[in-house]
Each structure stands twice: as C-alpha cells, then as structure tokens.
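Thanks for coming. I will go through one protein model this morning, strand by strand and then outward to the cores. Please keep the structure open while I talk.

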Amino acid sequence: MSVSTTLRVVIFALIITITLASPTTTPNDATSNVNFSKSLENFGAKLYSKLAKTGTDKNIIFSPFSIETCLAMVRMGAEGPTAAEIDTSLNMKFNNQQDLANNFHEVLSKYENSNILQMANKMYIMEDFEVQETFNNLLANKFLTSAENLNFTQNIMAARTMNSWVAQRTNNLIKNLITAKDLNEKTRMVLLNAIYFKGEWAQAFPEHATRPQKFYVDEANSINVDMMHLKGRFYFGDISKLDATVLQMPYKNSDHSMIVILPNSRTGLGGLRSKLKTFSLKELREEMFSTTVMVEMPKFKTEYEIELSDILKRLGMERMFTKEAEFGKILKSHENFEVSKIIHKAFIEVNEKGTEAAAATGVIGLGMMRAAAPEIIQRFIVDHGFFYMIVNSDGIIFFQGSQANF
C-alpha cells in the first residue's frame, strides 16, 4: 500500500471597508449564469451558518468566493466519490469539469485588470514532482494560476516564500498565513487564493459628522463606538420575512456594493442568521427601492482566522480529508493524496472613505427592484448586531460577515 501524501489547500481572504454611495448599476442588470451564482450563494449561506455556531457574539468575516475558488481548483484534480462529494456540497451541476472551470474563469478574468478587486491564484509543487498536463492547463488557463516548484522539506524557507506571495497580493494585510510546521516531506502541493478589495464609497461619510454613540451588544448593555452619519439616496427595504431592514451602499467606479441587513431587534442577529439560510439575494433585491435614507453606521475593523476542515466535513466533503481520497488527476506520480488543512484568514476595515479587505483561501443583480414608494425619508441606524456582504452586479458574493461586538 502506498503512503498517503499531502495536498494542502490554503485559503486566505482580504476584505475591504466600504463607504455609502448610490448604486451605479441598474435594476435590469442580470447575472450571466444564474445557476452558478445561486450555487455559490447557497454554499456561502451554509458555510456562514456553520461559522456562526462557533459563537453568537463573535465577529465573522470571510470570503466565500475565495473558499469556493480553492475548492474548485481542488475539484479539477478529483475523481470518483471525492469529486461527487465536492460537487454535491457546492451544489454545482455541470456537464464536465471544463464547464465548472469556465464559470470561475468568467469571474476571474472580469477583474483581471481591476484596481478595486484583485484576485490571484498560485500553485506550489514539491521539487522533482510534476502535475498532469490537463490539470496544469485547467489551472493556468481558467484559474489564471502560475505554478512554481518548492522544496517543502526546507519548511521554514518554503513558508517564508509563500507568505511573501500572500502579503504582496493583499497589501500586507494577510501575514504569516502558513507556518513551517504546516509543511513536511509528505507535502506535495499547496494551492493559494488571494483576494484584495479596496473600494471608496460612491458617497463618502463626512468625517466631521462621526461621533461616539451607543452600540448595543444585547437588549440592555451598550458600548460607545465611532458612529458615521450620512444622508443620501440608496436602495433600501423593510423586509418582514427577515424582521429586518436592508441598505445597499455602492462603491465608486465599480459594480460592487455593500449590503447591510439590520435586524429590527437588538438581539435579532441570531434569528436573522437562521432566516438568511432560506432567503435569496433575488428576494432581497425585489424588496428594495430607491429612497432618501439617514444612515448611522459604525466604523469597524475585524480580523478572522479559522481552519475549515471540520466545517467542510460537516458540509459533506469528508472523503478528501482521508486516505481514501481520489486525486488521481493531479500528479504524474501515482501517490495517494489527501487534503490535510484548509486555512482561511480574513480582514476587513470600514470607515468614512470606504472599505479595505483581504482573505487567504459579496451588488445584487437578480430580478427587478420594487417600484419606488412615496418619498419618505427612511432611517437606518446600525446600533446593534448586523450582517453584511460585498457583492457585484452578477450576484457573486465576494465577502460576507456579521458584526456583533466591538
């Protein structure tokens, strides 16, 4: 029996802070592949639900698209039951792996020259080992991945090399993602995905209007935070099914927006998390309309790190973490592969000017906006736990999370 070797998948995500602005997309914008974006949305919702169970008062920030991209790259080399588990967990339905790769390529290539959203993939392979031509071509041509040989037995130097690559592509926001102890003589490959976003609000919050204000951590207890203030025209909705209000704040010169969902109750974040599992972006879009809004929103900064193996197993991807994993489409040598670790590290900062975010491993464009209601100035006061996401006009969620505390 051959010795099982290691395929390491490292996911890091960088999240950016955003400022309020009016939408730059029109209600008729539609995703080029509704099924693809819906599959990504469903997986992100399931993943968020699992992450939220790690602590109800814990702040969460992660990049579902970063994680999904890494899993898709791994899927390119999987076969048999291992491939089937990944497909089922991601809720992906496609004729062949080329079709799946094409969907990701469409998104990655769209932002290849973007100054706002930058994404990069990297494949490191153990010295004296080679990947199969089909796998290499799929990652190079569809996932825009460059491959590089590295001696993982020199673990300190190898970790330093990969961490340098990550830091360079996340504006030094993600550091020390990989430790030397993560690497050894059995490591054959490390896959990296980096996302960096830096967006300015289409309509910035005036800095002089920011002042200390209460943020409730439960029904009675509060802390003082720096609360930003702005009056502007935004897409807004009062959604009874979620018992929450929602606000969409676009970024300048971009098809990205931040969507903030605020439960009506000070202690409603837990209930909102549950409702979001069955409430789609399309439904959210249909409940929103353009109106004047008085916005009060806290500045915040969050860092988050988690090893995802156990969570992904609970989502149905068990086999790839075992010696029975089938990754026969990756290396030219016929060794048994297993995924040993999936690391996700993320950062987000939101202030008056905008958002900066990074992750190592998100507006809504589905359906029509509701007809405008009679002009009434709405109030959107974010003084308790809330959920947020950064999305593009195709309905792809790049970052999402929740802020429960400071």
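S8 and S9 are antiparallel partners, joined by seven bridges. This is a predicted model, so treat every value I give as computed from it. One pair to find on your screens is Gln248, which stands opposite Ile259 in S9. The two strands form a hairpin with six residues between them.

Look at the turn of that hairpin. Asn253 sits in the loop between S8 and S9, and its phi is positive, about 55°, although Asn253 is not a glycine. Most residues other than glycine have a negative phi. As for its surroundings, is Asn253 buried or exposed? Asn253 has a relative accessible area of 70%, and the cut-off for exposed is over 50%, so Asn253 is exposed.

On its other side, S8 pairs with S7, again in the antiparallel sense, here over five bridges. Gln248 appears once more, with Tyr235 standing opposite it. The hairpin of S7 and S8 has four residues between the strands. Asp243 lies in that loop, with a positive phi near 50°, and Asp243 is not a glycine either. Its relative accessibility is 38%, so Asp243 counts as partly exposed.

Now S8 itself. How many of its seven residues are buried? The count is seven of seven, and the strand is mostly covered. In a regular strand the side chains alternate between the two faces of the sheet. In S8, Ala244, Val246, Gln248 and Pro250 point one way, while Thr245, Leu247 and Met249 point the other way. Both sets are buried.

Next, the strands at the end of the chain. S15 and S16 run antiparallel and are joined by six bridges. Val391 stands opposite Ile397 in S16. Their hairpin has five residues between the strands, and Gly395 there takes a positive phi near 80°. S16 also pairs with S2, antiparallel, over three bridges. In that pairing the bridge partner of Phe62 is Gln400. Seven of the seven residues of S16 are buried, so the strand is largely enclosed by the rest of the structure.

That brings in helix H7, residues 269-276. Which of its residues are buried? They are Leu269, Leu272, Arg273 and Leu276. Seen down the helix axis, these buried residues fall within an arc of 105°, so they line one face of H7. What do they pack against? The list is helix H1 (34-52) and the strands S2 (60-62), S8 (244-250), S9 (257-263), S15 (386-391) and S16 (397-403). So the strands I have just described include several that H7 packs against.

A second helix, H6, covers residues 155-169. At 1.5 Å a residue, its 15 residues should span 21 Å, and its end C-alpha atoms are 21 Å apart, which agrees. Buried in H6 are Ala158, Ala159, Met162, Asn163, Trp165, Val166 and Ala167. After H6 comes Asn171, whose phi is positive, near 55°.

Now the cores. In soluble globular proteins, nonpolar side chains tend to be buried together. Here the largest nonpolar core has 111 residues. Those with the most contacts inside it are Phe65, Met258, Ile261, Leu284, Met297, Leu312 and Met320. Strand S7, residues 222-239, gives the largest share of this core, eight residues. Apart from it lies another core, of 21 residues, among them Ile174, Ile178, Leu183 and Ala358.

Take Met320 as an example from the larger set. Leaving aside its neighbours within four places in sequence, Met320 is in contact with Leu71, Thr82, Glu85, Ile86, Leu312, Ala325, Phe327, Glu338, Val339 and Ile342.

I will finish with the totals. The secondary structure comes to nine helices and 16 strands. Of the 406 residues in the protein, 58% are buried. The accessible surface is about 16200 Å², and carbon and sulfur atoms account for 45% of that area.

Technical notes:
Residues are numbered from 1 along each chain as its sequence is written. Side-chain values use heavy atoms; hydrogens and water are left out. Buried means under 20% relative accessible area, exposed over 50%, partly exposed in between (1.4 Å probe, protein chains only). The arc is that of the directions from the helix axis to the C-beta atoms. Contact means heavy atoms within 4.5 Å. The expected span of a helix is 1.5 Å times one less than its number of residues. Two strands pair if DSSP finds at least two bridges between them. A nonpolar core is a set of buried Ala, Val, Leu, Ile, Met, Phe, Trp, Tyr and Cys residues joined through side-chain atoms within 4.5 Å. Accessible areas come from the Shrake-Rupley method with a 1.4 Å probe; for residues, only the protein chains shown count as cover.
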